[in-house]
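User: Please take a close look at the enclosed and open spaces in this model, and describe what lines them.

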Amino acid sequence: MMTLTVWSDFACPYCYIGETRLKHAISELGIENDVRIDYRAFELDPAAPKEVTTTTPERFARKYGLSVADAEKQIEHISALGREAGIDFRYATTRYSNTLDAHRLMKFAEEKYDRETVELLNEALFAAYFTENMVLSDRNVLVNKAVAVGMDGEETRKILESNKYTDDVRFDEREATMRGIHGVPYIVFNGGFAVPGALSEDGFKSALERELKRQKDVGESTSGERPHVCGPDGCRLV
């Protein structure tokens, strides 16, 4: 079994695009039953408000020092990448807010429910933000998404109204800091080499095939191997 550890945030466009490309690559290789994705929390902005206070073009322009018109062009470019991946991607009208509760909900699903439910919830939360333009800090939205994938609504609401799983989210973020992760998506293959960023489908297929070959050559153990880092131009030893 190949384990992919993925750090991401539900408000990160390249995370949604990258995970979608990754899953397409897994499907094209026909290895769905041989790969497990473990999700790790990474808040791009832990201080983000719970209420929507700006539009995405305004926030994007301020963050990158662009005019609103230029920001809209950049946002459309990213949205086009999402559409190319098969997503109904509506980045320009996203409603930016805090994502801590969404990450806590994922932790609850991972502890209580099966992998199929976890995968469905992960997709539902990305779609809620980037396609349906819902507010992910709204606990009613989160409960409804949980129920839609088969989770218990009453128990979910109790979890969200508590502070449970906050420590689990913070643990993931501390681990990211220790690994030197400053941006997401960030994907680690079987605890070994890492792929930072949203590669193309072919790029992900190459990385998956590389790991499949390594498993075939040396089995499940990775002891004694030098770590690898993979980027858009390929993989290298470090």
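Analyst: The following account treats the cavities, then the pockets, and ends with one loop residue.

The model is a predicted one. A search of the whole structure finds 2 cavities of 30 Å³ or more. The largest cavity holds about 80 Å³ of space. Its lining consists of Val6, Ser8, Phe10, Tyr39, Arg40, Ala41, His103, Met106, Lys107, Glu110 and Asn122. Two or more of these residues come from each of strand S1 (2-8), strand S2 (35-41) and H4. Helix H4 gives the most to this lining, with 4 residues. By class, the lining of the largest cavity comprises 5 nonpolar, 3 polar and 3 charged residues.

The second largest cavity contains about 30 Å³ of space. Around this cavity stand Asp9, Ala11, Leu44, Asp45, Ala48, Tyr96, Ser97 and Thr99. They divide into 4 nonpolar, 2 polar and 2 charged residues.

Turning to the open spaces, the largest pocket has a volume of about 310 Å³. Its lining is made up of 13 residues, and Leu44, Arg59, Lys63, Tyr64 and Tyr91 are those nearest its centre. Leu44 is also named in the lining of the second largest cavity. Helix H1 (13-29) and helix H2 (56-64) each contribute at least two residues to the largest pocket, and H2 provides the largest share, 4 residues. The lining of this pocket has 10 nonpolar, no polar and 3 charged residues.

The second largest pocket encloses about 230 Å³. Met1, Lys23, Ile26, Glu32, Asn33, Val35, Arg36, Ile37, Arg115 and Glu119 form its lining. The elements that supply two or more of these residues are H1, S2 and helix H5 (115-130). Strand S2 gives the most, with 3 residues. In this lining, 4 residues are nonpolar, 1 is polar and 5 are charged.

One residue of the loop between helix H3 (68-84) and helix H4 (100-112) also merits description, namely Thr93. Thr93 counts as partly exposed because its relative accessibility is 48%, which lies between the 20% limit for buried and the 50% limit for exposed residues. The side chain of Thr93 reaches the backbone oxygen of Arg90 at 3.5 Å. The Thr93 side chain also makes a polar contact with the side chain of Asn133, at 2.4 Å. Glu132 lies 39 residues from Thr93 along the chain, and the C-alpha atoms of these two residues are separated by 9.2 Å.

Methods. Residues numbered from 1 in each chain as written. Predicted model: local features only at pLDDT ≥ 70, side-chain atom pairs only at ≥ 80, totals over all residues. Heavy atoms only, no water. Buried < 20%, exposed > 50% of the residue type's maximum accessible area, 1.4 Å probe, protein only. Polar contact = N/O pair within 3.5 Å; in protein donor to acceptor, adjacent residues only side chain to side chain. 1 Å grid on protein atoms, 1.4 Å probe; cavity = no way out; pocket = protein on both sides within 12 Å on 5 of 7 lines; lining within 4 Å. Points joined across faces, edges and corners; volume = space filled by probe spheres on them. Nonpolar A, V, L, I, M, F, W, Y, C, P; charged D, E, K, R; others polar.
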